[in-house]
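User: I've got this model open and I'd like to go through some of its side-chain labels. Can you walk me through the reasoning behind them?

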Amino acid sequence: MIGEACERSDDADLTCQICIVGAGAAGIALAVALAGTSIDVVVLEAGGRTFDRRAQDLYRGEVVDERLHSPLHTYRARRFGGSTTIWGGRCVPFDPIDFEQRDWVPHSGWPIARADLEPFYARANALCEAGAYAYTAPAAFRRPMREIVDGFRSDAFQTDTLERFSPPTDFAQRYGPLLERAANVRVLLGASVTEVEVDAADGRRVRRVRYATESGRVSAVRAAHVVLATGGLEVTRLLLASRRVHPNGIGNARDLVGRFYMCHLAGTIGEVALAPGQVWHGYDLADGGVYCRRRFALSPDAQRRHRVGNVIARLHHPRITDPAHRTGALSLLWLAQGLVPYEYRKRLVEHTAPRPALGFAHAGNVVRDAAGTSAFVMSWLRRRTLAARKLPSVVVRPRSSVYCIDFHAEQTPNPASRVSLTTGTDRLGLPMLRVDWRYLPQDVHTVATALSLLQRDFADSGAGVLAYDPDSVEHEMTRYGAYGGHHLGTTRMGVDPNTSVVDPTCRIHGMDNLFVASAAVFPTSSQANPTLTVVALALRLADHLVVQVAREWAAPVLASTPPGEAAAARPLAAASHEPVVRAPIPGG
């Protein structure tokens with residue numbers, strides 16, 4: 001059942017066995033994995049079915065340095081489906097080295113290994129609709145693959161690892177019908193959680209979760225287990241703001257909640273002049289029409305030798321802002337920047353030339369390259385606008401045959417990089433967030449070392465010449481600030497409560513029934529986009545909670561899927577209608 005919280009006629013607290021706060025990638029993945037079982041589930045989602053500016057404004061907050069971090073109400077979506085309603089669909093698992101404790105990466109090391117996530121990665125891949133769980137070219141393609149750059153050879157970079165792309169899947173649209181039909185799941189929209197209320201007797205159990213609606217109605221849910229699945233920033237906000245029993249916030253006795261805030265380090269730098277027939281920097285189509293893309297990935301061995309973090313690089317079209325690229329399609333994007341989403345539009349506004357002169361130059365490119373511009377528009381309409389599985393991004397072969405290097409790098413965990421509360425509150429009474437994102441010299445060293453190795457390998461293999469200013473690395477790394485929608489590390493996972501907020505099951509240290517399903521639990525960021533790992537962790541948590549509920553009620557949980565399989569991995573089908581257990585809540 002999916003309904004509006006404001007339409008509830010009963011003022012009594014709802015009761016359930018599992019309450020999930022947030023219906024984005026993690027919350028919906030968790031709910032879908034539990035759908036059709038005999039576990040009674042309530043999902044509270046702050047937004048509605050569509051974008052609403054008034055709801056979105058509740059994400060506003062403060063940023064210490066606006067040059068380094070975007071406003072807090074951007075890159076997120078306060079609605080059913082969360083950020084899956086706006087994501088690009090890139091799916092990449094973390095590498096095994098990302099989970100290791102590395103002596104050259106302070107505060108690194110997960111309490112679980114890549115092998116522990118492997119079966120959940122496969123299920124997450126299916127849920128994200130990213131095709132086969134195959135992330136190397138030999139595993140994904142039987143046919144021979146063209147090289148990214150003919151003749152490129154390297155002992156530092158791998159060129160056969162893949163990114164796979166979801167259509168991209170809007171989790172609300174794709175899995176909403178399944179949740180609507182599931183007899184054991186209730187989704188309440190427009191329910192903004194304002195407090196996680198802890199039992200004062202021992203301070204170890206969540207007693208209930210309070211939520212408010214836009215109309216001002218305040219209600220609550222009592223649950224045996226509560227999962228916060230509201231994203232890296234809002235998880236932090238709820239924990240720090242819930243101070244009735246724990247004065248510093250839940251899980252924050254050691255001042256760790258909100259610290260170690262990471263995004264990713266990304267930018268575009270340099271120039272590589274290559275022969276027109278020498279390059280393949282676009283997308284390859286795997287079975288099912290799934291888009292895949294190879295990149296230059298710094299190998300684990302190279303990371304160890306050079307004592308740097310994880311980095312990938314791609315060939316990228318020249319800077320769109322500079323009309324010297326002479327490419328009509330790129331100039332058309334600059335001229336149409338008002339139609340481009342915020343996260344991409346901000347990359348189109350920086351150039352030293354006067355805007356009118358720049359506009360004339362770009363218009364000239366469109367006219368002179370009319371054939372190329374028309375072909376790009378038609379391809380974009382067919383493969384992106386009208387396609388169910390969309391072309392992930394603009395890939396243009398520049399007329400000048402000059403490419404830039406696009407990099408995406410791991411950020412070193414830094415306790416001084418943090419998210420905290422302001423003294424102000426939003427209209428629902430919840431304290432607003434203050435973000436102080438910081439990077440370290442180690443981060444600059446990681447990117448600079450990777451670029452230096454890539455430059456060396458281009459030269460040594462005779463495949464091309466990468467030219468860039470080494471002194472500009474830090475500037476390019478921070479030109480657009482922290483990489484947009486990746487909010488990581490604020491409730492990091494570990495076995496020691498003195499250095500972490502959640503344990504390996506994602507349960508908050510010192511709490512018996514409060515869990516986090518979010519990129520907030522990541523101890524390190526990898527080079528990879530977080531969504532696939534977030535969904536994998538949510539599915540792993542679902543399996544854990546099924547076992548917990550079965551133990552507490554001393555009865556088997558009636559499941560609609562065999563053990564170890566997720567309902568999410570199957571095509572949508574009618575949910576099981578086994579009787580739903582609505583047992584009293586322990587300690588409620």
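User: Why is Asp 255 called partly exposed?

Analyst: Quick note first: this is a predicted model. Asp 255 comes out at 31% relative accessibility, and the partly exposed class runs between 20% and 50%, so that's where Asp 255 lands.

User: What makes Asp 255 and Arg 418 a salt bridge?

Analyst: Their closest N and O atoms are 3.1 Å apart, and the cut-off is 4 Å, so the pair qualifies. Arg 418 is partly exposed too, at 21%.

User: Which parts of the chain does that pair tie together?

Analyst: Arg 418 belongs to strand E18 (residues 418-425), while Asp 255 is in the loop between helix H6 (231-241) and strand E12 (265-273). Those parts are 163 residues apart in sequence, so the bridge ties them together.

User: Which residues are joined into one network by salt bridges that share partners?

Analyst: Asp 13, Glu 195, Glu 197, Arg 207, Arg 208, Arg 210, Arg 222 and Arg 244. Inside it, Glu 197 and Arg 207 meet at 2.9 Å, N to O. Glu 197 is in strand E9 (residues 192-198) and Arg 207 in strand E10 (residues 206-212), 10 residues apart.

User: Buried or exposed: how do you know which word fits Glu 197?

Analyst: Its relative accessibility is 7%, and buried means under 20%, so Glu 197 is buried. Its partner Arg 207 has 29%, which makes it partly exposed.

User: How many salt bridges does the structure hold, and what links Glu 100 with Arg 304?

Analyst: There are 36 salt bridges. Glu 100 and Arg 304 form one of them, with the closest N and O atoms 3.0 Å apart. This pair links distant parts of the chain: Glu 100 sits in the loop between strand E5 (90-91) and H3, Arg 304 in helix H7 (residues 300-306), with their positions 204 residues apart. Glu 100 is partly exposed at 30%, and so is Arg 304 at 38%.

User: On to the rings. Why is the pair of Tyr 121 and Tyr 133 called stacked?

Analyst: The structure holds 15 aromatic pairs. For Tyr 121 and Tyr 133 the ring centres are 6.4 Å apart and the planes are at 20°. Centres within 6.5 Å make a pair, and planes under 30 degrees apart count as stacked, so both tests are passed.

User: Where do those two rings lie?

Analyst: Tyr 121 is in helix H3 (residues 114-127), and Tyr 133 is in the loop between H3 and helix H4 (137-140), so the stack ties together parts 12 residues apart in sequence. Tyr 121 is buried at 0% relative accessible area, whereas Tyr 133 is partly exposed at 27%. Elsewhere, Phe 94, Phe 99, Trp 110 and Phe 522 form one aromatic cluster.

User: What sits over the ring of Tyr 59?

Analyst: The charged end of Arg 76, 3.8 Å from the ring centre, and that of Arg 78, 5.1 Å from it. The distance limit is 6 Å, so both values fit.

User: Last one: what makes Met 378 exposed?

Analyst: Its relative accessible area is 55%, and exposed means over 50%, so Met 378 gets that label. Met 378 is in helix H11 (residues 370-385). Together with Val 377, Leu 381 and Leu 386, Met 378 forms a nonpolar surface patch with about 390 Å² of accessible area.

Notes. Residues numbered from 1 in each chain as written. Predicted model: local features only at pLDDT ≥ 70, side-chain atom pairs only at ≥ 80, totals over all residues. Heavy atoms only, no water. Phe/Tyr/Trp six-rings, centres within 6.5 Å; stacked < 30°, edge-to-face > 60°. Helix = DSSP H or I, 4+ residues; strand = E, 2+ residues; numbered from the N terminus. Buried < 20%, exposed > 50% of the residue type's maximum accessible area, 1.4 Å probe, protein only. Lys NZ or Arg CZ within 6 Å of the ring centre and 35° of its normal. Patch = residues over 30% accessible without salt bridge, like charges linked within 9 Å, V, L, I, M, F, W, Y side chains within 5 Å. Areas by Shrake-Rupley, 256 points an atom, 1.4 Å probe, with all protein chains shown as cover. Salt bridge = Lys/Arg side-chain N within 4 Å of Asp/Glu carboxyl O.
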